[in-house]
Amino acid sequence: MRSTLLSRRLSRKLSRKLSRRSSATAREAAARRSRGPLATGALALGVLVTATATLGAPALAAQEAPALPGKAAATASVTRTVTLVTGDQVMVTTTAAGQPRVLAVRPASHTAGSGAFLSFQDASGDRYVIPAVAQPYVGRQLDLSLFDVTALAKAKSTTDRVPVTVSFAKGAKPSTPAGLTLTSTSGSTAHGASARGYATAASGRKLARLLKRRIAADVRAGHRPGSTPLFAGVTSVGRSGATTTNATTTDAPAESGAVAKYKLNILQITAEDRSGAGVNGQVLVTDTDNAAMMTAALPVDDGIEKVAVPTGHYSLAAPVVDFDASGNVTAQSLVTLTDLDVTGATTADLDARTATAQVAADTPRPATADYVAATWGRTDVADGSIGAAPTASAVSTDATPVYVNPQPAATTGKVAYFTQWSGHGTDTTDPYRYDLTGHLSDQVAADQRITVTGKQLAAVRERYVRDPAASPDGIITSGELGSGLPAAFSAAVTQTMPARVTDYLSSNNGGIWIQQSFPGTSLAFNSGNRTFVPGRTYTQDWARGPIGLGLGQYTSGPFGGSDCAACLADGNLLVFLSATDSEPDHNGDISVYDEQSHAFHAQLYRGGTLLDDRPGNTAVFVDGQTASDARYRMVADQDFTGDTTLSQSTTAHTELTFGLPSAGDTHSLLPAPFTCEGQSPTTPCQVLPLLTARFHLAADDENTSHRTAQSMGLTIGHVTVGGAGSRAAITSAAVQVSFDGGQTWQNTVLHGSKGHYRARWTNPDSAHGTSPAIRVTAADADGNALTETVTHAYTVAATTS
C-alpha cells in the first residue's frame with residue numbers, strides 16, 4: 001500500500017525464529033500427511049513449526065528472550081508495508097521480540113467480499129495473512145510463503161514488489177502466469193523448468209481477478225472452489241528465497257530411532273462450508289502439550305486432511321470461506337475445536353454450519369460496520385505468552401459477515417479469544433465512529449454481540465490534518481492492547497482527509513489503545529499506548545504541523561514497542577529520531593522510505609570527533625561511552641523534497657547537544673518493561689537528556705494559515721520514556737521565521753517560560769501563497785540544547801485577514 005505504515009530504521013535484532021522444517025525431527029516426520037491409502041506409505045510434508053532437533057531433546061520455549069538493540073538496531077526496519085501477490089497490502093509493526101503486534105490490511109479492490117482475510121500466527125511468531133479469495137489455492141498452486149508477512153517485512157525488497165519463483169510441471173513450456181512478471185528461467189521443459197520474477201500491487205490485482213473467475217466457475221459448475229487449476233502447467237508459485245511449503249507426495253522415511261519412541265496416530269480432519277460442502281483451505285493444528293513442538297497450518301484438500309501425530313492433546317482452528325456464483329466471498333466462519341485427545345486413529349470435524357454466532361455490535365448511536373474480526377489464540381499446558389501463541393483470525397474489512405462456533409474453556413492449556421468491531425456513524429453533519437473490542441475470554445460464547453452504553457465508552461475528538469498536495473484518501477487504525485490479548489489486527493478503515501471525527505472507544509480490556517493515521521500517500525503517524533477512561537472526552541491531532549524531526553514523551557517505545565529511543569547503558573548510546581507532529585507521543589515517517597533512503601542522514605559527534613555516520617537513517621549507535629564530562633552533538637536531516645505528494649515541512653534539520661546522565665540521576669532510570677542495549681541487573685539503562693520541541697501552529701486542517709497576525713504555541717521539554725527522563729529546567733527558547741527560503745531570518749515575539757511559550761509574528765503580503773520556514777532554538781540548565789529548522793513549515797493562504 002503506497003499510503004502505508006511508516007517505514008523506519010530502528011528496530012530490535014529480531015529473535016531467531018524456531019526451525020520450521022528440520023527433516024531430522026521426529027515430530028516433523030510425524031506430520032507427513034497421507035494423500036493416498038495409508039497402506040501405500042505415501043506421505044507428504046505439511047507446514048510444521050518445530051523447535052527441537054530430536055524428540056529426545058528438551059523443547060525450546062515458543063518465544064526466545066528478546067534481543068536488545070545494537071548497531072543493527074539503528075538501521076533495521078520496525079514497521080513496513082508489504083505487498084501480497086494478490087495486490088493487497090499489509091501494514092506490519094513488530095515488537096521488540098520480533099512478533100507482529102499491529103497488523104492492518106488495505107484490500108486491493110473494493111468489490112464485494114474483497115475485504116475478507118484470514119490469518120494465522122505460528123509458534124515462531126510468523127504471521128500469515130491470506131486473502132479469502134486466495135484461500136482455496138494456498139497449499140496447492142500458491143505457496144503459503146507468499147503470505148508470510150513477517151518474512152516479507154524483513155525482506156530487502158521494495159514495498160511494492162514481491163519476488164516469486166514459479167515451478168513448471170515436466171513437459172510444460174514456461175509461460176508467464178497472470179499477475180506476474182518473469183525475469184529469468186532455468187531448467188528444461190523435459191525435466192520441469194522454473195522461473196523467477198515478481199508481482200506488484202498493480203499486477204497482483206490481475207491475479208486476484210483470475211482467482212475470483214476460477215472460483216466463480218467452480219461454484220457455477222457445482223465444484224469445490226479451487227478445484228479448477230489456477231495456471232496451466234504450473235505446479236507452484238512461491239516467494240523467492242523461501243522454502244516451499246506446498247505439500248508434495250514423497251516416500252515415507254524409514255522409521256528412525258527417534259520416531260520409534262512415539263506411537264503415531266492418524267488424525268483425520270474434515271472441514272465443510274456453510275452449505276455442507278467440503279472445502280479447500282487450511283487448518284491450524286496445535287499441540288497443546290507443547291505448542292513449540294508442533295504448530296502446523298496444514299492444507300485441507302477436498303474437505304479432508306490426514307496427518308500422523310503422536311498421542312497427545314491438540315486443538316484445531318479453521319477459517320472457512322463461502323463463495324457465491326460470482327466468486328464473491330459471502331461469509332467467513334472461524335471454526336475451532338478447543339480440545340482434542342488423540343490416542344489412536346482419530347477423526348475431527350470442523351463444520352461451518354456449527355458457526356451460528358455472528359460477530360456484531362449494539363452501539364448507542366446508529367453505525368454501519370466497516371471492520372469485523374474474531375481472533376482465537378491457544379497456549380499449551382505450559383501457559384506460554386499468548387502474544388506469541390499460535391492464533392487464527394477471520395477478518396472482514398467490509399460488510400462480509402464473520403461467524404464462530406461456541407466452544408468451552410480449555411482443559412489443556414488456555415484459550416484467549418476476542419472480537420473486534422468497528423463502524424462509522426450515519427450522521428454526516430456530526431461524523432463519528434465506534435472502535436470496540438469484546439471482552440477477552442477463555443471460551444467462545446454462543447452470543448457474539450458486543451453491547452456497550454455511552455458510559456462505557458471514551459470519546460476521542462480526532463482531528464485529521466492533511467498536506468494540501470496529498471491525496472484525500474487516508475487510512476486510520478485502532479487496536480486495543482489489553483493484557484493477555486493474542487496478536488491481532490488493528491481495525492484499519494479508509495478516511496477522507498482532512499476530517500474531524502469523534503471516535504468512541506471501548507475499555508473492555510483495559511482501555512489501552514494504539515492508533516495510527518495515514519493522511520494521503522506518504523506520511524504516517526503512530527500514537528503511543530494511550531489509556532482512555534470510559535465517560536471521558538479526549539482530543540488528538542494527527543499530522544498537525546509543522547512536521548519536525550526529533551523525540552517526544554513516550555508511554556511506549558518507538559512504534560508501540562518496548563525499546564528506548566534515546567538511552568545509555570554500559571557505555572552503549574542509542575538515539576533514534578522520528579518525524580514529529582503536534583502530539584508529544586506521536587512518531588512518524590514518510591511511508592516510501594524504502595525508495596527514498598537518501599532522504600535521511602544522522603551523525604554523532606563527541607567534541608569535534610565524528611563517532612557515527614549513518615546515511616539513510618535518523619538513528620545513531622556507539623558503544624564505549626562512559627566519560628561523565630563528554631559532550632555530544634547529534635545532527636540529523638530528513639528531506640522529503642523528492643515526494644510530490646508533500647508540499648509542507650519538506651525538510652527538517654535537527655541538532656541536539658547533550659551530555660550523559662550522572663550515575664546518581666534516578667529520574668533518568670528506565671523503568672520496566674522498557675529495555676536498551678547493555679542493560680543488566682547491575683547496569684541500569686538511563687534516558688538521555690535530549691530536548692524535544694512540539695509546535696502548535698494556528699492554522700486550518702491543511703496546515704494553512706489565513707491570518708496576517710500569526711501565532712504558534714511551542715512546548716520545549718525532554719524526551720521521556722515511561723515517565724523517565726531529565727528534570728533539568730528549560731532556561732531559554734527562541735523562534736525565528738524566514739520568508740525567503742532560509743536566506744534571512746526574523747525573530748518572533750515570544751511569551752512564556754519554563755518550556756511553555758507562544759510565538760507571534762506577521763505574515764506579510766509578499767508571503768501570500770508561499771510556505772515560510774521556521775527555526776526553533778532552546779536550552780536547559782544543564783547545557784543541553786536543541787536547534788530545529790523546518791522548511792515550508794506551513795502555507796500562507798492567498799488571502800489573509
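**Loops, salt bridges and cores**

Ala543 lies in the loop between strands S37 and S38; here strands (E, at least two residues) and helices (H or I, at least four) are DSSP runs, numbered from the N terminus. I should state at the outset that this is a predicted model, in which local features need pLDDT of at least 70 and side-chain atom pairs count only at pLDDT 80 or more, while totals for chains, interfaces and linings use all residues. Residues are numbered from 1 along each chain as its sequence is written, and side-chain values use heavy atoms, with hydrogens and water left out.

Returning to Ala543, this residue has a positive phi of about 60° although it is not a glycine. Is Ala543 buried or exposed? Its relative accessibility is 4%, so it counts as buried; the term means under 20% relative accessible area, with exposed meaning over 50% and partly exposed in between (1.4 Å probe, protein chains only). Pro546 is found in that loop as well, between strand S37 (537-542) and strand S38 (548-550). The peptide bond that joins Gly545 and Pro546 is cis, with omega about 0°.

Two further loops deserve attention. Met497 and Pro498 are linked by a cis peptide bond, omega being near 5°, and Pro498 sits in the loop between strand S32 (491-496) and strand S33 (499-506). Ser649, which is not a glycine, nevertheless has a positive phi of about 45°. The loop that holds Ser649 runs between strand S47 (631-639) and strand S48 (651-659), and Ser649 is buried, at a relative accessible area of 3%.

I turn now to charged side chains. Side chains of opposite charge can pair when their charged atoms come close. The structure holds 17 salt bridges, each a side-chain nitrogen of Lys or Arg within 4 Å of a carboxyl oxygen of Asp or Glu.

Which residue forms a salt bridge with Glu702? The partner is Arg466, with the closest N and O atoms 2.6 Å apart. Arg466 belongs to the loop between strand S29 (457-464) and strand S30 (473-480), and Glu702 to the loop between strand S50 (691-697) and strand S51 (704-705), so this pair ties together parts that are 236 residues apart in sequence. Arg466 is buried, at 10% relative accessible area, whereas Glu702 is partly exposed, at 23%. Elsewhere, Arg463, Arg500, Asp541, Arg544 and Asp701 are joined into one network by salt bridges that share partners.

A second pair is Asp301 with Arg140, at 3.1 Å, N to O. Asp301 lies in the loop between strand S16 (295-300) and strand S17 (304-310), and Arg140 in the loop between strand S8 (127-131) and helix H2 (149-154); the salt bridge therefore connects parts 161 residues apart in sequence. Asp301 is buried, at 12% relative accessibility, and Arg140 is partly exposed, at 25%.

Asp351 and Arg353 also meet in a salt bridge, at 2.8 Å, N to O. Asp351 is buried, with a relative accessible area of 9%, while Arg353 is partly exposed, at 45%.

Finally, the interior. How many residues does the largest nonpolar core have? It has 92, and Leu142, Phe147 and Val237 have the most contacts inside it; such a core is a set of buried Ala, Val, Leu, Ile, Met, Phe, Trp, Tyr and Cys residues joined through side-chain atoms within 4.5 Å. Strand S23 (residues 367-379) gives the most to this core, namely 5 residues. Another core, of 58 residues, lies apart from it and includes Leu568, Cys685, Leu697 and Ala724.
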